Amino acid sequence: MKTAEQFREQAIKLNLHYWEHHTCAICGEPVGYYFFTCPNYEVIFDSGCGCSFGSNPRPSSWEDVAEFYNMQTSLDVINKMDEFWKWEETE
Ligand SMILES: [Zn+2]
């Protein structure tokens, strides 16, 4: 399990601005989170399309990011996410 703070710190460390965590099952558009450095690494959820979550980007949070990560059960998905986030092996 990862915490919201871990994601925030990692995003700053890796200078991340967008995390596409999957593509829409219906239309194939990317679905993900934008990270805005101003003023303080805010998170915006962007569904990319209107199929499942509504079409407008909406304010989100690092808690949401952590929750999305922690609820995944597919090892395949988890491996892909870990590849993106490049966690240190020390955890
Ligand atoms: Zn779609």
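Here is a short chat about a predicted model of a protein chain.

Reader: Before I trust this thing, which element has the highest mean pLDDT?
Author: Good place to start, as this is a predicted model. The protein chain averages a pLDDT of 89, and 96% of the residues score at least 70. Among the elements, strand 1 (residues 18–23) has the lowest mean, 90, while the highest mean, 96, belongs to helix 2 (residues 62–70).

Reader: OK, and the strands: in what order do they sit in the sheet?
Author: Let's go pair by pair. Strand 1 and strand 2 are antiparallel, with 5 bridges, and 5 bridges also join strand 2 to strand 3, again antiparallel. Strand 3 then pairs with strand 4 in the antiparallel sense over 3 bridges. That gives an open sheet of 4 strands in the order 1-2-3-4.

Reader: Which strands stand at the edges?
Author: The sheet is open, with the order 1-2-3-4. An edge strand here has a single partner strand, so one side of it is left without a neighbour in the sheet. The strands that fit are strand 1 and strand 4 (58–60).

Reader: By how many degrees are neighbouring strands of this sheet turned against each other on average?
Author: The pairing in this sheet is antiparallel, but the turn is counted with direction ignored. On average, neighbouring strands are turned against each other by 25°.

Reader: Can you show me who faces whom? Say, which residue stands opposite Arg58?
Author: Sure, let's walk across the sheet. Tyr18 has Tyr34 in strand 2 as its bridge partner, and His22 stands opposite Val31, also in strand 2. Tyr33 is partnered with Phe45 in strand 3. On to strand 4, where the residue opposite Arg58 is Phe45.

Reader: Which residue takes a positive phi in the hairpin of strand 2 and strand 3?
Author: There are two hairpins to look at. The one of strand 1 and strand 2 has 6 residues between the strands, and there Gly28 has a positive phi near 85°. The hairpin of strand 2 and strand 3 has 5 residues between the strands, and the one with a positive phi, near 50°, is Tyr41.

Reader: And Pro39, is that buried or exposed?
Author: Pro39 is in the loop between strand 2 (30–36) and strand 3 (42–46). In space, its C-alpha is 24 Å from that of Phe84, a residue 45 positions away in sequence. With 12 or fewer other C-beta atoms within 10 Å, a residue counts as exposed. Pro39 has 6, so it is exposed.

Reader: How are helix 1 and helix 2 placed: roughly parallel or roughly perpendicular to each other?
Author: The axes of helix 1 (residues 4–14) and helix 2 come within 8 Å and cross at roughly 105°. Angles of 65 to 115 degrees count as roughly perpendicular. The two helices are therefore roughly perpendicular.

Reader: How many residues of that contact are nonpolar?
Author: Helix 1 brings Ala4, Phe7 and Arg8, and helix 2 brings Trp62, Glu63, Val65 and Ala66. None of them is polar and 2 are charged, which leaves the nonpolar ones at 5.

Reader: Last one: what angle does helix 2 make with strand 3?
Author: Helix 2 packs on the sheet, touching strand 1, strand 2, strand 3 and strand 4. Compared by direction, helix 2 and strand 3 make an angle of about 55°.

Methods:
Residues numbered from 1 in each chain as written. Predicted model: local features only at pLDDT ≥ 70, side-chain atom pairs only at ≥ 80, totals over all residues. pLDDT = per-residue confidence, 0-100. Buried ≥ 20, exposed ≤ 12 C-beta atoms within 10 Å, placed from the backbone. Axes fitted to C-alpha atoms, helices over the stretch in contact; angles between N-to-C directions. Parallel < 35°, antiparallel > 145°, perpendicular 65-115°, else oblique. Contact = placed C-beta atoms within 7 Å. Nonpolar A, V, L, I, M, F, W, Y, C, P; charged D, E, K, R; others polar. Pairing = 2+ DSSP bridges.
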